[in-house]
Amino acid sequence: MVLPTPHNNLFTFTLSHVPAARSLIETRFPVAVLEQLDLDSIVIENGSFVDPSLAEKFSDVLLSVKMRLSSEGSPQRALAYFLFEHKSEPDPLTVLQLLSYVIRIWEREVREGRPLSPILPMVIYHGDRPWNVARSIDELIDCPDSMREYLVKFTCPMFDLTRTTDDSISGDPFLQSMLHLLKYGRKSELVVRLRAILEKLKGSLQPGLVEDWILAIGVYVMSVNKSI
């Protein structure tokens, strides 16, 4: 799929590789969640739940994972979905955008006669400015306090790369390199950090992936960084 921005291209290219996608889940969700999942069953779902009119600005990555068996030996749920979105600047309607994706996924399940699956969304943020806009739906709605308890509750968990130390970015080398590129991609210091980012990949990629990944890095870096 050809996407309109370098950030979208890099984000989608990386998470279309199952080891990187699995590593993101393993490093960003708590053990109590991971224990419910069969991570060997991860599938990258085809298609996008972005409104076609917004496809030039946004991208999403959806993964499906089978849930483990309950203590009685029967499946608790057929699937869990992980929905990832990235942002390079604060967007006040991000939480609404993410909720619209969730609704579309559930609507598809209803059409297909399946029960609603749990959907775990996350926003990966790599902007220069602090995220100072809404992260929950009720923050977008101006109403009396007496109405608050009746509002839909939905909050988007966030992985804020710009406020995460480099040592705290862990996991698969493929994933780490993408996260570091998003974090430093537009900064002049990428010139001195790029070698270390590439070093993370040494010996970790299958031979057939090396050329594709180096090309993806080159296109991304030369598209977003004014110093390279």
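This tour moves from the whole chain to its strands and then to two cysteines.

**The whole chain.** The model on display is predicted. Select the protein chain first: it contains seven helices and five strands. Following the chain from the N terminus, one meets these elements in the order α-α-α-β-β-β-α-β-β-α-α-α. Now show the surface of the protein chain, which exposes about 12,300 Å², with carbon and sulfur atoms supplying 55% of that area. Of the 228 residues in the chain, 44% count as buried. If contacts are displayed between residues at least 6 apart in sequence, 66% of them join residues at least 24 apart.

**Strand β2.** Next, select residues 61-67, which form strand β2. Six of the seven residues of this strand are buried, so β2 is largely enclosed by the rest of the structure.

**The partners of β2.** Add residues 37-44, strand β1, which pairs with β2 in the antiparallel sense over four bridges. Within this pairing, look for Leu37, opposite Met67 in β2. Then add residues 79-87, strand β3; β2 and β3 are also antiparallel, and their pairing extends over six bridges. Here, Ser64 stands opposite Tyr81 in β3.

**Two cysteines.** Finally, select Cys143 and Cys156. Are they buried or exposed? Cys143 has a relative accessible area of 14%, which is under the 20% limit, and therefore it counts as buried. Cys156 is likewise buried, at 0% relative accessibility. A disulfide is a covalent bond that links the sulfur atoms of two cysteines. How many disulfides does the structure hold? A search of the model finds zero.

How values were computed. Residues are numbered from 1 along each chain as its sequence is written. This is a predicted model: local features need pLDDT of at least 70, side-chain atom pairs count only at pLDDT 80 or more; totals for chains, interfaces and linings use all residues. Side-chain values use heavy atoms; hydrogens and water are left out. A disulfide is a pair of cysteine sulfur atoms within 2.5 Å. Buried means under 20% relative accessible area, exposed over 50%, partly exposed in between (1.4 Å probe, protein chains only). Helices (H or I, at least four residues) and strands (E, at least two) are DSSP runs, numbered from the N terminus. Two strands pair if DSSP finds at least two bridges between them. Contact means heavy atoms within 4.5 Å. Accessible areas come from the Shrake-Rupley method with a 1.4 Å probe; for residues, only the protein chains shown count as cover.
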